[in-house]
Every structure is written in C-alpha cells, then in structure tokens.
Amino acid sequence: MGAYVVSREVLDRYVRALVNSGYSSSSITKRLQVIEMVLRNFGMPESLIDVLKRPKREANIARRIEQEGNTPSLDIEDAREFFKRLEMPFQLGELNETQYIKAVAFALLLFATGRRVSEIVQVRAQDIDFKTHTIRILVSQTKEGKIQKITSGERIVFVTKETEAVLRFYLEINKKEIEGQDGYLFMTPGKRSLKDTCF
C-alpha cells in the first residue's frame, strides 16, 4: 500500500534483530536513539515509544561496562614512562623549549586531574586558583554537559603541588602568548581542531 506501519510488534522485532546483529552496545544505543527521535518527530504516542526504553537502558549499561573494560588503568610508572618519552623529541631538537614546556604542562594537567583533552585544552589562566589548589571547568565544556545541554555550572578539580609548580612556571614564561589568547593556556579562542594544541 506504500505506507509504513509502526506497531509494538514491529518495534519488538526490530529490537530483537538489532540485539542479535552483532553490533556493539554503543552502536545499538545510537540506533535506538535515532528510532526514538524519528518516532517522536512523527508524533507517535509515548506508549509506542516506551517499547524502546528497556532495550535502550540495557544497551547503555552494556556500553558503560564495555567502556570500563576497554579503558586502561594508568599508574605512576606509566606516567613516568610517558614523560621520559615526551622528553626525547626535545632532546633531539624536534621540539623547542617553549613547545616542550607547553606539552609537559598540558600532559601533567591531564594526569593530575583525570579530565578529558577537550576540557583541559579550554582551561584559562583565570580558571586556576592557586590559593585553593583548584581549577574550574565549565560544565558546558564537559562531555556530560554537552550531552545534557547544560549551559551553566562548573566542575572543580584539584591539582598537586608539582602540577601547580609547572603551571606557575608555564604561566610566567608564556604570559604574553596567553594574554593574546584571551587567557587560554593551550589554544587560540574559537579554534575548532585540537590537533595542533601543543605543537
């Protein structure tokens, strides 16, 4: 008849086929989210959309477990090895002193705070409070904030004395550059790509 029929049975069949397809939990979650969005845009009743709730919740739980299993745990020896390797390009003359110090400060902040690259790259001088040994990160800049479309609020992360010492030194020797970047430590305002942040 040239018409699409959407029913609980059709959705149940689709969900079963999706689960048995061999897709990753992340991929299943995305597909279910798209189906839910399409159904809402076409004005389908919530009682029909509810069919997707339990499978989506289960796929989300499985996705988190997968992510935790695939996330490597780092210890102090891993950090030491990383910084040793980071020093090599500097010793070989592939990085100048300014680039090297910038890379060390950036990497140390990642290790010390456990925050994402996309969050650390947006840290500004005014976000650092040496009195309370903290850094302020806007929720709107975090992955969680972007997903939930949160536009206000902040996360407070603590830093170690070693990190503070490097940050103070970095701020001192790069004062003019940072001021020219509207206070950003590692990037130019409005820059979309994070590829060349340090180098």
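Is Thr 132 buried, partly exposed or exposed, and what is its relative accessibility? In this predicted model, Thr 132 counts as partly exposed, because its relative accessibility is 40% and the partly exposed class runs between 20% and 50%.

## The loop between S1 and S2

Thr 132 is placed in the loop that joins strand S1 to strand S2, and the C-alpha atom of Thr 132 is 25 Å from that of Lys 176, a residue 44 positions away in sequence. His 133 also has its place in the loop between S1 and S2, where S1 covers residues 128-129 and S2 covers residues 134-138.

The backbone of His 133 calls for attention in its own right, since His 133 has a positive phi of about 60° although it is not a glycine. With a relative accessibility of 39%, His 133 counts as partly exposed.

## The largest pocket

The largest pocket has a volume of about 350 Å³, and its lining is made up of Ser 26, Thr 29, Lys 30, Gln 33, Asn 60, Arg 63, Arg 64, Gln 67, Arg 116, Lys 143, Glu 144 and Ile 147. The elements that contribute two or more residues to this lining are helix H2 (25-41), helix H4 (53-70) and helix H8 (143-148). Sorted by class, the lining of the largest pocket holds six charged residues, five polar residues and one nonpolar residue.

Arg 63, one of the residues that line the largest pocket, also serves as a reference point for Thr 98, a residue of helix H6. The two are 35 residues apart in sequence, and their C-alpha atoms lie 40 Å apart in space. Thr 98 itself is partly exposed, with a relative accessible area of 38%.

## The second largest pocket

The second largest pocket contains about 270 Å³ of space, and the residues that line it are Tyr 4, Val 5, Val 6, Val 10, Leu 11, Tyr 14, Ile 35, Val 38, Leu 39, Phe 42 and Met 44. Helix H1 (8-19) and helix H2 are the elements that give two or more residues to the lining of the second largest pocket. By class, this lining has 11 nonpolar residues, with no polar and no charged ones.

Ser 7 is placed in the segment before H1, and Ser 7 counts as buried because its relative accessibility is 19%, where the buried class requires a value under 20%. Between Ser 7 and Ile 49, which are 42 residues apart along the chain, the C-alpha separation is 9.7 Å.

## Helix packing

How do H1 and H2 pack, and at what angle? The two helices pack at an angle of about 160°, with their axes 10 Å apart, and H1 and H2 are therefore roughly antiparallel to each other, given that angles over 145 degrees fall in that class. The crossing in which H1 passes H2 is right-handed.

A second pair is formed by helix H5 (residues 76-91) and helix H6 (residues 97-113), whose axes come within 10 Å and cross at roughly 165°. H5 and H6 are therefore roughly antiparallel to each other, and H5 passes H6 in a right-handed crossing.

## The loop after H8 and the segment after H10

Where is Lys 149 found? Lys 149 sits in the loop between H8 and strand S3, the latter covering residues 154-158. Lys 149 is classed as exposed because its relative accessible area is 72%, whereas the threshold for that class is a value over 50%. The C-alpha atoms of Lys 149 and Val 139, which are 10 residues apart along the chain, are separated by 9.4 Å.

Asp 182 is located in the segment that follows helix H10 (175-180). Asp 182 has a positive phi of about 60°, although it is not a glycine, and with a relative accessible area of 46%, Asp 182 is partly exposed.

Key
Residues are numbered from 1 along each chain as its sequence is written. This is a predicted model: local features need pLDDT of at least 70, side-chain atom pairs count only at pLDDT 80 or more; totals for chains, interfaces and linings use all residues. Side-chain values use heavy atoms; hydrogens and water are left out. On a 1 Å grid over the protein atoms alone, a cavity is a set of points where a 1.4 Å probe fits but cannot get out, and a pocket is an open set with protein on both sides within 12 Å along at least five of seven lines; lining residues have an atom within 4 Å of a point. Grid points are joined across faces, edges and corners, and a volume is the space filled by probe spheres set on the points. Helices (H or I, at least four residues) and strands (E, at least two) are DSSP runs, numbered from the N terminus. Ala, Val, Leu, Ile, Met, Phe, Trp, Tyr, Cys and Pro count as nonpolar, Asp, Glu, Lys and Arg as charged, and the others, Gly among them, as polar. Buried means under 20% relative accessible area, exposed over 50%, partly exposed in between (1.4 Å probe, protein chains only). Axes are lines fitted to C-alpha atoms, for helices over the stretch in contact, and angles run from 0 to 180 degrees between N-to-C directions. Angles under 35 degrees count as roughly parallel, over 145 as roughly antiparallel, 65 to 115 as roughly perpendicular and the rest as oblique. A crossing is left-handed if the near helix is turned anticlockwise from the far one by less than a right angle, and right-handed if clockwise.
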